[in-house]
Every structure is written in structure tokens, then in C-alpha cells.
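Colleague: I am new to this structure and should be grateful for a close look at a single part of it. Please describe the chosen part in full and then place it in its surroundings.

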Amino acid sequence: MARSQQTGRTRPNTAGRGKNPVSGGRRSPSTGKSRTPTIIAVVVLVVLVAVIAVAVYSANANKTAALPANQPVTPVNASYQTRVDGTVVVAGNGPTTLDVYEDAQCPACKQFESLDGQKITDGLNAGKLTVRYHMVNLLDQSSNPPGYSTLGGNAIMCAAQNGGFATLHKTLYDRQPEEGGAGYTVDDLVTLGKNSGAGPGYEACVRGNTYGAAVAQNYQQAVSDPALQQESNGSRGFGTPTIVVNGKTVSPNDPALAAALG
């Protein structure tokens, strides 16, 4: 189940600075010792401080930056059709129905897609499955700035309505931004969707946050639905991913899911 995590911040270690007194108007006679080692030591110290500062900045930048959107997407060979029905993405039209509740920022959803995503695609292509994707914003506060769960969920729904769902959906989980860091921007999502084959209506849909309210509504409905509550670490509640097979909520390891995926 998805859980938010806190990231600690390190503070730079500041050392005290010594003063080098200079006599007023006169210099003391030379004692015969060279000042060169002192000058070299000061230069080395300045260089070391600069290197440490650059390293700290780079580490923080890497933590908060999302993966660049100009990298290739992950193509999916999908022959099934998708559409948006109300607040839900509907894929395929097979006799077995899966309802999948996912968050674009959720690491456990990424793991689920990595393990079972291809089986779901195969079942959809074979006409065995109907999969209803409920995108939620459970982890909206777990990106910096907040809101990537909504942006990513909206983009996935826009892609479903414009012919680019399968590839964009897989790409956003394969290349999921780190939880607690920066999510993809709207511009990133537009580029990734176009590279995934989404049609001309996709960009306006993403930029207009057309399904943002639907993503929020899906979450509110899920947390208030007793049938979707599950036990996790001694407490009961809604988490992602949540999978429902023909109306029955199951765990990702449930034999009923394995049977449905064939």
C-alpha cells in the first residue's frame, strides 16, 4: 500500500573563522619562515568548500528533479480500445472485470504494474478482460511541489480519451518520479503523451486539467466505500493499489487475481 514518507534535510556544517591581526602601519620583521604553506592551505580550503557546496547542491537537485521528459517512452502493443466513462478509464470489453485503483505517484502501484501489467495487457488484447482504472490523488502532498498525483492521473485519463493510454500509463509507472521529489510538469506530460501516440485533443485536455476533479472525486469515493477498506500494518483503510475482481476486493497476491489474469 502506498505510504507517504518524510525526507530529512542536512544542514551545512559551518566552522569558525579566525582573525589575522595586522599591526597598524608597520610590519613585523621577517622571522625567516615562508608564508607560502599558509597561502596554499587557504587556497586548498577554499577549493574544498566549493567542491562540497557543489556536491550538496547536486544531491538536492537530483532529489527534487523529475526524470527528463525527452527520454523515450515505453511502447506497449495494445489492440484494445479505451474510453473515459464518467470518472473512470474503461479498457477492453472482456467478460472478467477488474477495477484497479491507482495513484500516479504510488510506488506500490509501480510494483504492481511491473509484476502484472503485461498480463493485464495480454488479457485485454485477447478480449478476456475489462479493466476499469480509477485514478486517485491519495499522494498529492507527497510531491514537491504538491499535486503530481492529480496531474499524472489527469494525463492518464486524457490519454485514454485520445488514443495514447497504454504507452503513457506504462511510461509514467516505469519512469515514476521519486516520492517526495518533483513530479512531471504539465509540459513534461504533454510531451510524454504525444510521444505515446495521444491524438490532438490530448494537449488541451492536459493543460486544462480536464479530469482533475474526477481524480479527486475517485479518491473521496474510495475512502468512504467500506468494500474498498483493507487491513494493512494493523490498521484498516483505503490504499493503493486496490484491486477488485468481478466485484470482490482482493490483494495483489490473491489467487482470484492470478486466475483472472490467466
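Modeller: Among contacts in the protein between residues at least 6 apart in sequence, 74% join residues at least 24 apart. The model under discussion is a predicted one. The protein has 262 residues, of which 42% count as buried, and its secondary structure comprises 8 helices and 8 strands. The part I have chosen is helix α4, together with its neighbours.

Helix α4 spans residues 165–174, and helix α2 spans residues 107–125. Two packed helices are described by the angle between their axes and the distance between the axes. For α2 and α4, the axes come within 9 Å and cross at roughly 120 degrees. The angle therefore makes α2 oblique to α4. As to its hand, the crossing of α2 and α4 is left-handed.

Which residues form this contact? On the side of α2 they are C109, K110 and E113, and these meet H169, Y173 and D174 of α4. By character, the residues of the contact divide into 3 charged, 2 nonpolar and 1 polar.

How much of α4 is covered? Of the 10 residues of the helix, 8 are buried, so that α4 is mostly covered. The buried residues are F165, A166, T167, L168, H169, T171, L172 and Y173. Two residues named in the contact with α2, H169 and Y173, are thus found in the buried set as well.

A further neighbour of α4 is S196. This serine lies in the loop between α5, residues 186–195, and α6, residues 201–207. Not counting residues up to four places away in sequence, S196 touches V73, G164, T167 and L168. T167 and L168 are among the buried residues of α4. S196 has a relative accessible area of 10%, and because buried means under 20%, S196 is itself classed as buried. The side chain of S196 also has a polar partner in its own part of the chain: one of its polar atoms lies 2.8 Å from the backbone oxygen of L192.

The surroundings may be completed with some particular points of the backbone in other loops. Two peptide bonds are cis. One joins N144 and P145, with omega about 5 degrees. P145 is placed in the loop between β4, residues 129–135, and α3, residues 148–161. The other joins T240 and P241, with omega about -5 degrees. P241 belongs to the loop between β6, residues 235–237, and β7, residues 242–245.

Two asparagines have a positive phi, although neither is a glycine. For N233, phi is near 55 degrees, and the residue lies in the loop between β5, residues 230–232, and β6. N233 has 66% relative accessibility and therefore counts as exposed, the cut-off being over 50%. For N246, phi is near 50 degrees, and its place is in the loop between β7 and β8, residues 248–250. N246 has a relative accessible area of 51% and is exposed as well.

To return to the chosen part, α4 is a mostly covered helix that crosses α2 obliquely with a left-handed turn. Through T167 and L168, α4 is also in contact with S196, a buried residue of the loop between α5 and α6.

Technical notes
Residues are numbered from 1 along each chain as its sequence is written. This is a predicted model: local features need pLDDT of at least 70, side-chain atom pairs count only at pLDDT 80 or more; totals for chains, interfaces and linings use all residues. Side-chain values use heavy atoms; hydrogens and water are left out. Axes are lines fitted to C-alpha atoms, for helices over the stretch in contact, and angles run from 0 to 180 degrees between N-to-C directions. Helices (H or I, at least four residues) and strands (E, at least two) are DSSP runs, numbered from the N terminus. Angles under 35 degrees count as roughly parallel, over 145 as roughly antiparallel, 65 to 115 as roughly perpendicular and the rest as oblique. A crossing is left-handed if the near helix is turned anticlockwise from the far one by less than a right angle, and right-handed if clockwise. Contact means heavy atoms within 4.5 Å. Ala, Val, Leu, Ile, Met, Phe, Trp, Tyr, Cys and Pro count as nonpolar, Asp, Glu, Lys and Arg as charged, and the others, Gly among them, as polar. Buried means under 20% relative accessible area, exposed over 50%, partly exposed in between (1.4 Å probe, protein chains only). A polar contact is a pair of N or O atoms within 3.5 Å; within protein, one must be able to donate a hydrogen and the other to accept it, and residues adjacent in sequence count only if both atoms are side-chain atoms.
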